[in-house]
Each structure stands twice: as structure tokens, then as C-alpha cells.
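The following paragraphs lead the reader through one protein structure, from its open spaces to its charged contacts. Please keep the sequence and the model in view while reading.

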Amino acid sequence: MSAVTTDPRGPSTVRRASGIRRRTAEHMVRSLATSPHAAMAVEVRFDAVEAARRASAARPAVPAYTAWAVTRALADFPLVNSSWEDGSIRVFEHVNLGVAVDMSHEGLVVPVIRGAHELDVEGLHERITELTGRARSRALGVADMAGGTFTLSSLGRSGTLFTIPVINQPQAAILSMDTIARRPVVADGTRVEVGLVAVLTMSFDHRVFDGAYAAAFLGRVRERLENADGKVAAGG
């Protein structure tokens, strides 16, 4: 019997994947094969963040506030800032925050802010802006992407509701922030008002911690963000 040479799906074009696309693909497959992924999401009001932004002369971007809330919450939930290693859990004392950057739809790179827990919102904004710019200019070195302990991904104004991210190995967790939009919310349990709302979704390595721990961590992040105007002003 002769081989069938006509593709029943019709005409097509084979495009060679770029180096970034191939590395991203390999990393995603390896991550899913390595860690038992679980995911959890919370809705967060960003009205307080917007108030804090308006009160700041620097006008830090929203991801800087999310990074600030995450780094503070990691101090209380250290297992989220860890890695699974041969039946043990390595818990890191410092937060080296990876920031996922889209490379014009070719793939992702994740530069790292070392000692992110020591930076305030303005400092985090400066580092995110710098690293994102260098990434898109293809000016990152290997050292810029090494040593991350937790990763933050933001889809900004993409219009997405929620994203289930893939863990950036060998880290234990990754947090994705989707689009902030005006939505009806119940305030004080009795009245409906319009608020700035976004969904934060965390994927985590179920070997390292369980759902209750993940929920508590996300709750702490939400608490920080929803009270950001007062806490940022107080240096909290």
C-alpha cells in the first residue's frame, strides 16, 4: 500500500519556531512533567491601588503594587517562596521576583528582580520598567534571568478574565494578574457599587503545599492590595 501524501486538513505552511519559542515550549513541557500543578484564583478590588497611584508623584504601574503585595505576603507564607528538591523543600530567605515578559508573541523571558522584598512600590516599578525594556530590546544576559524564587505574570490591558499560568521551574508557584475592569461589587454586604476588579490566579506545586495554604497566601495578597492606599503611605 502506498503512503498517503495528501494532508486531509488541506493546505498549510510549516514555520520554523524561533529560538525563544522553542525554549519556551521546552520549558512548559518540562514544568508540567515535573510538578503536579494546582491552581486557585481570587477576585481583588484595585480601587485602593488606584487611589495610591493618584497620590504618588511617580505614578507606579499597577504590577508594581501587585509585586509589593506579593513580596510582603511571601514573608508570612514562606513555602510559596521555595522549591521542591529530592523529597525536601528548600525555603528561600530572599524574594527574587521573576517578571514574565512577552517577546512580541514569540515566547516568554523572565528577568529577575533580586531582593525584591527590600524594595518599595516605586523601586519595584523602576526595576520592572528597566527589565521589561531591556528584555524587549534583547539586551538581557543569562545572569538577569537566573536565581528567581517566585514569578509574577501580568497580561495588563489584554481584556482577559483569568489565566492559569505554568510554573517557572524549579519554583513552587507563579501568580498571574489579568485585566482590571469596572464591575459591580457588593460593598459592606448590603449595597452594590462599581469597583475596579481583577482576578489573580496562582498555580502551585502541590508537593510543596496544599490548597488551604495557597488560599491563605492569596487572601493576604488581596488584603494588601485592597488596603494599599493606607499601607503604602505608611511604608507597610
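A pocket, in the sense used here, is an open set of grid points with protein on both sides within 12 Å along at least five of seven lines. The volume of a pocket is the space filled by probe spheres set on its points. The model to which these terms are applied is a predicted one. Rolling a probe the size of a water molecule over the atoms shows where empty space is left.

The overall frame may be described before its parts. The protein chain has 236 residues, and buried residues make up 42% of them. Its secondary structure comes to six helices and eleven strands. Taken along the principal axes, the C-alpha atoms fill a box of roughly 75 × 40 × 40 Å.

How much space lies in the largest pocket? The volume of the largest pocket is about 1100 Å³. Its lining consists of 49 residues, and those that lie nearest its centre are A100, V101, L108, V109 and V110. Several elements give two or more residues to this lining: the helices are helix 1 (19-34), helix 3 (62-76) and helix 4 (121-136), and the strands are strand 5 (101-102), strand 6 (108-109), strand 8 (150-154) and strand 9 (173-177). Helix 1 supplies the largest share of the lining, seven residues. When the lining of the largest pocket is sorted by class, 27 residues are nonpolar, 16 are polar and six are charged.

The second largest pocket has a volume of about 410 Å³. It is lined by 15 residues, of which V62, P63, G156, R157 and I180 are the closest to its centre. Two elements, helix 2 (47-55) and helix 3, each give two or more residues to this lining. The largest share, three residues, comes from helix 2. By class, the lining of the second largest pocket comprises eight nonpolar, three polar and four charged residues. Helix 3 thus appears in the lists of contributing elements for the largest pocket and for the second largest pocket.

Attention may now turn to the surface. L161, F162 and I164 form a nonpolar patch there, and together they have about 320 Å² of accessible area. Within this patch, F162 is found in the loop between strand 8 and strand 9. Is F162 buried, partly exposed or exposed? F162 counts as partly exposed because its relative accessibility is 48%, a value between the limits of 20% and 50%.

Another nonpolar residue, V29, lies in helix 1, the element that gives the largest share of the lining of the largest pocket. V29 has a relative accessible area of 58% and is therefore exposed, since the term applies over 50%. The C-alpha atoms of V29 and V166 are separated by 9.4 Å, although these residues are 137 residues apart along the chain.

The charged contacts complete the picture. A search of the whole structure finds 14 salt bridges. One of them joins E106 and R138, whose closest N and O atoms are 3.4 Å apart. E106 lies in the loop between strand 5 and strand 6, and R138 lies in the loop between helix 4 and strand 8, so the pair ties together parts that are 32 residues apart in sequence. E106 is partly exposed, with a relative accessible area of 32%, and R138 is partly exposed at 48%.

A salt bridge within a single helix is formed by R134 and E130, with 3.4 Å between the closest N and O atoms. Because the two residues are four residues apart in helix 4, about one helical turn separates them. R134 is partly exposed at 25% relative accessible area, and E130 counts as partly exposed at 35%.

The side chains of R207 and D205 also meet in a salt bridge, at 2.7 Å from N to O. Which partner of this pair is buried? D205 is buried, because its relative accessible area is 2%, which falls under the 20% limit. R207, by contrast, counts as partly exposed at 30% relative accessibility. Finally, five residues, R45, D47, D188, R191 and E193, are linked in a network of salt bridges.

Terms used:
Residues numbered from 1 in each chain as written. Predicted model: local features only at pLDDT ≥ 70, side-chain atom pairs only at ≥ 80, totals over all residues. Heavy atoms only, no water. 1 Å grid on protein atoms, 1.4 Å probe; cavity = no way out; pocket = protein on both sides within 12 Å on 5 of 7 lines; lining within 4 Å. Nonpolar A, V, L, I, M, F, W, Y, C, P; charged D, E, K, R; others polar. Patch = residues over 30% accessible without salt bridge, like charges linked within 9 Å, V, L, I, M, F, W, Y side chains within 5 Å. Areas by Shrake-Rupley, 256 points an atom, 1.4 Å probe, with all protein chains shown as cover. Salt bridge = Lys/Arg side-chain N within 4 Å of Asp/Glu carboxyl O. Buried < 20%, exposed > 50% of the residue type's maximum accessible area, 1.4 Å probe, protein only.
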